[in-house]
Amino acid sequence: MKRLDGIGHVLSDLDLADVQTQDDLTRALMALDTADKCIRAIRAEFRTEAASDRLVRKAESLMALIERTRDELMGVGAA
């Protein structure tokens, strides 16, 4: 759970208002993709064990946040 909390903390530091250039957009998308991969790896780790409902909910919540943020960034990048 600590790893998911850490990923959530990193994601909370992302500020869409700071995305001004294509390089900013690329860095933000890379951060989101990396976070998504880490969450998936954590979930895979617990597939063989009985994962707590809290861990599953937290992982799903973070993945949904990543997807919403990615969608918002792509809207900014298209503008």
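**Helix packing and core of a three-helix protein**

From the N terminus on, the elements of the protein run α-α-α, which amounts to 3 helices and 0 strands. Helices here are DSSP runs of H or I with at least four residues, strands are runs of E with at least two, and both are numbered from the N terminus. The model is predicted, so local features need pLDDT of at least 70 and side-chain atom pairs count only at pLDDT 80 or more, while totals for chains, interfaces and linings use all residues. Residues are numbered from 1 along each chain as its sequence is written, and side-chain values use heavy atoms, with hydrogens and water left out.

Of the 79 residues in the protein, 27% are buried (under 20% relative accessible area, against over 50% for exposed and in between for partly exposed, with a 1.4 Å probe and protein chains only). Among contacts (heavy atoms within 4.5 Å) between residues at least 6 apart in sequence, 79% join residues at least 24 apart.

Helix 1 (2-12) and helix 2 (22-47) pack with their axes 11 Å apart and at an angle of about 165°. Axes are lines fitted to C-alpha atoms, for helices over the stretch in contact, and angles run from 0 to 180 degrees between N-to-C directions. Helix 1 is therefore roughly antiparallel to helix 2, a term for angles over 145 degrees. On the helix 1 side, Arg 3, Leu 4, Ile 7 and Leu 11 take part; they meet Leu 32, Ala 35, Cys 38, Ile 39, Ile 42, Glu 45 and Phe 46 in helix 2. The residues of this contact comprise 9 nonpolar, no polar and 2 charged (Ala, Val, Leu, Ile, Met, Phe, Trp, Tyr, Cys and Pro count as nonpolar, Asp, Glu, Lys and Arg as charged, and the others, Gly among them, as polar).

The largest nonpolar core (buried Ala, Val, Leu, Ile, Met, Phe, Trp, Tyr and Cys residues joined through side-chain atoms within 4.5 Å) has 17 residues, of which Leu 4, Ile 7, Leu 11, Leu 32, Ile 39, Ile 66 and Leu 73 touch the most other members. Helix 1, helix 2 and helix 3 each supply at least two residues of this core, and the largest share, 7 residues, comes from helix 2. Beyond its neighbours within four places in sequence, Ile 66 is in contact with Leu 11, Leu 32, Ala 35, Asp 36 and Ile 39.

Arg 70 lies in helix 3 (residues 53-78). Arg 70 counts as buried because its relative accessibility is 19%. Not counting residues up to four places away in sequence, Arg 70 touches Leu 29, Leu 32, Asp 33 and Asp 36.

Note on methods:
Parallel < 35°, antiparallel > 145°, perpendicular 65-115°, else oblique.
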